[in-house]
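Colleague: I have a structure open and would like to learn how to read it feature by feature. Could you walk me through it?

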Amino acid sequence: MQTNHGIVAQFLIYYVPILSCYSQPSTQIGIYGNVTAHRDVAVQQIVNQAPASTVFDLLAPYFVPDALYNSPKRRSEYAVICHEETQINVLRAIRSWANAAPDAATRICWLSGRAGTGKTTVAHTIAEEYDRKGRLAATFFLWRSTGDRDEIHNVVPTIAFQIADKFPLAKEGMERALLKESSLTERQVHLPSGLKYQLSKLLVHTPDHSVGCNLVVIDGLDESASLEGVEDLVKNLCQMNLPFRFLLVSRPEDYIKSAFADVREHGQLLLQLMVEESEKDVLKVIQEGFLHIRSVHLKGSGLQNTASEQDIAALVTKSQGLMVYASLAMRYICDRRGDPMKRLKDVLSGRDGLDSLYHQVIQAAKEYDYFDIVMGSLLYLRYPLNTKNLSSFLLSTEEPYKSLDIGNICGALNGCHSVLVIPEDGQPITFHHASLQDFLTNEKRSKDLLYAPTTYHVQLMICSLEEITTAFSSGTNASEYALIAWHHHACCFLSSANTDNHISGGLEHKAMDLIKNIGLEWVKSWLTQALAWAGIPYLRVEWASGNVAAKANWVDHLEQKQNF
């Protein structure tokens with residue numbers, strides 16, 4: 001028998017990949033009213049050992065309704081279309097490409113641009129416009145660190161689900177192809193994860209071209225955690241003869257540029273467009289923002305007499321042409337929790353560029369108690385939590401987390417409403433824009449405002465392990481987040497602990513002691529609970545329904561692995 005520490009190291013190697021594929025919240029609520037019913041049917045079929053009957057049953061466990069362009073989740077994140085008379089040239093180019101004849105050779109359009117230039121807004125605008133025209137087949141808007149919207153292997157099933165739901169003939173074609181491979185007759189609802197397989201079985205069947213509904217929009221490729229998966233998706237979409245037009249949107253990251261370069265080398269045609277920085281577009285956004293502030297929010301405040309043409313021109317210059325700067329500046333200035341006149345003055349006195357504005361906002365927010373603890377946790381959570389669940393999770397350990405009730409968490413974030421979406425309806429806390437996460441986790445950019453990954457991963461791991469251990473000892477259930485995410489934080493901590501000098505010795509020793517104390521019985525108990533929440537529908541139902549045989553099989557498997 002190996003030592004506990006050796007068992008844990010090997011355990012992370014063998015079992016983390018299993019759960020990493022499914023580390024996501026168990027509940028997904030979207031605009032598709034029938035997706036829950038399809039998912040329930042699919043799971044019940046497994047419990048009853050019955051084959052899947054439709055393509056919906058097969059796709060439902062992988063369907064991510066929050067990723068649709070018009071989902072309630074994206075609305076809560078302030079997803080918007082382009083302001084009038086902005087992004088004119090790039091929108092015109094995309095429309096020209098999308099309106100080409102169905103047999104036109106260029107089926108792929110890659111729209112790229114720096115962070116904050118408005119790429120997602122352009123993608124949303126096109127999706128909404130072509131949906132109104134009845135020409136939108138499907139969408140998927142990726143979002144990092146969500147556990148489902150950043151998983152590249154959910155993209156094709158989610159797109160296929162939308163197409164099958166809209167077009168009965170496409171659904172029938174998918175089912176015929178899957179029946180040939182026995183995917184709808186096997187005794188479990190499981191879709192092979194290979195992207196080429198998914199594409200060849202699910203997206204070769206097109207709706208009637210006479211209606212021209214063949215546009216698929218995939219935004220935020222760079223938001224996925226799987227670089228190899230993104231490259232694989234890009235190459236397969238470009239090289240396979242699929243009957244759809246794909247608008248692919250991302251930052252111009254090297255690995256994505258390399259994937260498209262490989263496609264060109266093989267003679268594939270590709271339309272490449274860029275969203276450029278535009279001070280002209282930023283000016284329109286800022287002018288419209290001040291008009292809104294004057295007419296709605298700040299009547300009688302004096303701001304309408306202060307935001308002169310010179311002030312507006314200075315803001316435009318400081319934006320460096322980034323739309324995200326304009327949006328952030330206007331949210332920050334008009335936030336009623338502060339003095340708008342002072343905030344306008346502060347912004348104008350800062351340096352040019354987005355990093356300077358982020359520095360001002362975060363530095364001001366630090367005056368609130370517990371801010372660093374809460375912000376650091378939000379930056380490195382495996383997936384977003386709402387205020388209640390975040391509080392329950394953090395309260396499970398010792399000080400200073402022990403004081404983080406809901407009121408203190410809300411108070412800690414009181415200065416962050418311009419950079420965070422903090423819903424009051426129980427939805428998770430999210431970032432307005434991914435560029436803030438980039439800024440706060442990059443020491444060269446954030447300098448003294450850095451939130452070092454090792455520090456917060458180890459703290460989140462400690463919270464998780466202490467909650468799980470306490471629950472096992474008392475015979476209660478640990479929270480879903482602790483059960484699913486502890487191994488993620490453990491891996492991130494262990495992978496950087498030797499190179500990151502930001503972690504305190506006390507935290508490191510405490511973390512290592514917790515890991516070393518993990519024994520086989522602990523792992524068995526954890527698997528029994530964690531797999532029930534890990535996003536694996538058939539295991540979740542079998543555990544919940546008391547399927548003793550299923551539990552026994554996994555425990556036997558674990559015992560056989562104890563010597564690895």
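Colleague: Let me start with proline 252: how exposed is proline 252?

Modeller: Keep in mind that this is a predicted model. Relative accessibility is the value to read here, and the middle class lies between under 20% for buried and over 50% for exposed. Proline 252 counts as partly exposed because its relative accessibility is 29%. You will find proline 252 in the loop between S4 and H11.

Colleague: Which residues does proline 252 touch, leaving out those up to four places away in sequence?

Modeller: Trp110, Ser112, Gly113, Arg114 and Lys257. Take serine 112 as an example: it is 140 residues from proline 252 along the chain, yet their C-alpha atoms are separated by 5.6 Å.

Colleague: Arg114 has charge to offer. Which residue forms a salt bridge with arginine 114?

Modeller: Glutamate 277, with the closest N and O atoms 2.9 Å apart. This pair links distant parts of the chain, 163 residues apart: glutamate 277 sits in the loop between strand S5 (271–274) and helix H12 (279–297), and arginine 114 in the loop between strand S1 (108–112) and helix H6 (119–132). Both partners are partly exposed, glutamate 277 at 30% relative accessibility and arginine 114 at 43%.

Colleague: How does that look when both partners belong to one helix?

Modeller: The general idea first: an α-helix has 3.6 residues a turn, so residues three or four places apart point the same way. Now the case here: arginine 132 and glutamate 128 form a salt bridge at 3.5 Å, N to O. They are four residues apart in helix H6, which means about one helical turn between them. Arginine 132 is exposed, with a relative accessible area of 62%, while glutamate 128 is partly exposed at 26%.

Colleague: And aspartate 222 with arginine 251: are they buried or exposed?

Modeller: Both are buried. Their salt bridge has its closest N and O atoms 3.6 Å apart. Aspartate 222 lies in the loop between strand S3 (215–219) and helix H10 (227–239), and arginine 251 in the loop between strand S4 (245–250) and helix H11 (254–265), 29 residues apart. Salt bridges that share partners join Arg144, Asp222, Glu223, Arg251 and Asp438 into one network. The count for the structure comes to 17 salt bridges.

Colleague: Several strands have come up. In what order do they run in the sheet?

Modeller: The order is S2-S3-S4-S1-S5, an open sheet of five strands with parallel pairing. Strand S2 (136–141) and S5 stand at the edges with a single partner strand each, so one side of each has no neighbour in the sheet. On average, neighbouring strands are turned by 15° against each other, direction ignored. For a closer look, S3 and S4 pair in the parallel sense over five bridges, and isoleucine 218 has leucine 248 in S4 as its bridge partner. Helix H7 (residues 155–166) packs on the sheet, touching S2 and S3, and its direction makes about 150° with that of S2.

Colleague: Let me finish with a helix that has two faces. Which residues of helix H5 are buried?

Modeller: In H5 (residues 88–98), they are Val90, Leu91, Ile94, Trp97 and Ala98. These lie on the same side of H5 because they cover an arc of only 125° around the axis. On the other side, Asn89 and Ser96 are exposed.

Colleague: Which elements do the buried residues of H5 pack against?

Modeller: S1, H6, S3, S4 and S5.

Key. Residues numbered from 1 in each chain as written. Predicted model: local features only at pLDDT ≥ 70, side-chain atom pairs only at ≥ 80, totals over all residues. Heavy atoms only, no water. Salt bridge = Lys/Arg side-chain N within 4 Å of Asp/Glu carboxyl O. Helix = DSSP H or I, 4+ residues; strand = E, 2+ residues; numbered from the N terminus. Buried < 20%, exposed > 50% of the residue type's maximum accessible area, 1.4 Å probe, protein only. Arc of directions from axis to C-beta. Contact = heavy atoms within 4.5 Å. Pairing = 2+ DSSP bridges. Axes fitted to C-alpha atoms, helices over the stretch in contact; angles between N-to-C directions.
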